[in-house]
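Me: I'm new to reading protein models. Could you walk me through one, feature by feature?

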Amino acid sequence: MARETWATRTGFILAAVGSAVGLGNIWRFPFITGQEGGGAFLLVYLLFVALIGFPAILVEFVIGRYTHLNPVGAIRELGSGVWNHLGWLFVVTGFVILSYYSVVAGWFLRYTLIGVTDGYALSGADEAGALFGSVATGLDSLLFHAVFMALVIGIIAAGVRGGIELGVKVMVPAIVVLLGAMAVYGFTLDASTAAYGYYLSPDFGTIATDWQSILPAAAGQAFFTLSLGMGVMITYASYLGEDRNLAADAGVIAGLDTLVAVLVGFVVFPFLFAAGIEPGAGGPGGIFVSLTTAFGDIPAGRVLGVVFFGMVGIAALSSAISILEVLVSYLIDEVGVDRLPASVALGVAVFLLGVPVTVDLIFLDLFDKLADGILLVLGSLLLALFVGWVVPDAARAELGKGIGDLGSLGTAWIWIVRVPIVVVVLVSLYLGIVDYADFLTGDLAEWLAAR
Ligand code: PHE
């Protein structure tokens, strides 16, 4: 059977942007930015996206289009020996990420529904916190996790053209327009000046003292938000014909993804400051607590809230389908299973892995810190080593297709991948592992001791 390909040229870009734009931009970016010092983090993060993220997207695109295979098969075809096992890292990473991603996406579905049925008229941050507690864990959480995974399975079972391409075409433009409108609304709030100061003027002293936590956080966030390090972009590029300019596409994808994240900051921080909430407080629940407080306070807050939470649910869907697609394309190509049974079996397995997160949020940290701080960074590191040192000539030639003569730019790209990316990512990985070890021996050990 011939492998499926994208129905239109823009279909590929939209799908890749749909994968990139998701909870990473809207839920994760603002709370990590808040935790890591606002403008200081934003600056490092932007540098990371431009200098490390962009060349790293090209690494995955080149592998996918060259082999027209799923990530596991692609690496096996190109490499040999130990590289044959790299694909497994991607499958494991995909499982871990999607399991909690779906739970968090379920919270957004739940909050959308709350707006429709009850509105967000809460008495203040305490009540908003109690509401988050009731949504985040327990039966509600389990139910909406199940609903979200069912949607993801349905879209993936329908196939590349029927499912992903059509869905993303509608979702992505809608998200950008809605966020833009909400950012304009945020601008009219009194607190916006203070919020912009916090968000936009980097404190270099903070960078100098906190770089050991800012660097791995920025690296992890950059790879997470660009869907890098687990084969998503390999998979999407594997459905491409030969004619695209991959560098132009990567620029559009990184640019749009960054635009959405930066826009989210323009929405979230004015609302937080208006509600008098410290931007780093609250972790994964922070955005829900603060935004429901804000939506309860401001005129037209109920409508805005329903729109915002619903929009994030949609953005999460187009990202989640890209993760399940990696796992499913593996089963289809490598094991010869049909799309429908592969989608259902893997989707149900991911759902089960996510169930502990709906019981206690310590599992969210356990999974997120592992996936974001270690697995994605490790995956990106190995891919950079692979392309830079194992198959550099094939990679450079593949990048040239659809662009024409690269000249010294192709060589520059290979050297950026070979040395600076590898070094920076290696340092980030080391710091990420130290951080995770701290978590396992600190918070997790405490949690276990309290059982
Ligand atoms: N990029 C997605 C987001 O920002 C998450 C994601 C990570 C998707 C890794 C695929 C692979 O929400």
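Me: Okay, where does the ligand sit?

Reply: Keep in mind that this is a predicted model. To place a ligand, check which space in the protein holds it. Here the ligand sits in the largest cavity. Helices H1 (9-20), H2 (23-35), H10 (204-225) and H14 (301-335) each give two or more residues to the shell around it.

Me: Which residues come nearest to the ligand?

Reply: Start with the shell, then pick out its closest members. There are 15 residues around the ligand, and Ala 20, Gly 24, Tyr 101, Phe 224 and Ser 227 come nearest. Sorted by class, the shell has seven nonpolar and eight polar residues, with no charged ones.

Me: What polar backbone atoms lie by the ligand's nitrogen and oxygen atoms?

Reply: Look for N or O atoms within 3.5 Å of each other. A polar backbone atom of Phe 224 is 2.7 Å from a ligand nitrogen, and one of Thr 225 is 3.2 Å from a ligand nitrogen. For Gly 24, a backbone N or O atom lies 2.8 Å from a ligand oxygen. As for cover, the ligand alone exposes 320 Å², and the protein buries 100% of that.

Me: How many aromatic pairs does the structure hold?

Reply: For ring pairs, check the centres and then the planes. This structure holds 29 aromatic pairs. Take Phe 295 and Phe 308: their ring centres are 6.3 Å apart and the planes are at 50°, so the pair is tilted. Phe 295 lies in helix H13 (residues 283-297) and Phe 308 in helix H14, so the pair ties together parts 13 residues apart in sequence.

Methods: Residues numbered from 1 in each chain as written. Predicted model: local features only at pLDDT ≥ 70, side-chain atom pairs only at ≥ 80, totals over all residues. Heavy atoms only, no water. Near = heavy atom within 4 Å. Polar contact = N/O pair within 3.5 Å; in protein donor to acceptor, adjacent residues only side chain to side chain. Areas by Shrake-Rupley, 256 points an atom, 1.4 Å probe, with all protein chains shown as cover. 1 Å grid on protein atoms, 1.4 Å probe; cavity = no way out; pocket = protein on both sides within 12 Å on 5 of 7 lines; lining within 4 Å. Sits in = over half its atoms within 2 Å of the grid points. Helix = DSSP H or I, 4+ residues; strand = E, 2+ residues; numbered from the N terminus. Nonpolar A, V, L, I, M, F, W, Y, C, P; charged D, E, K, R; others polar. Phe/Tyr/Trp six-rings, centres within 6.5 Å; stacked < 30°, edge-to-face > 60°.
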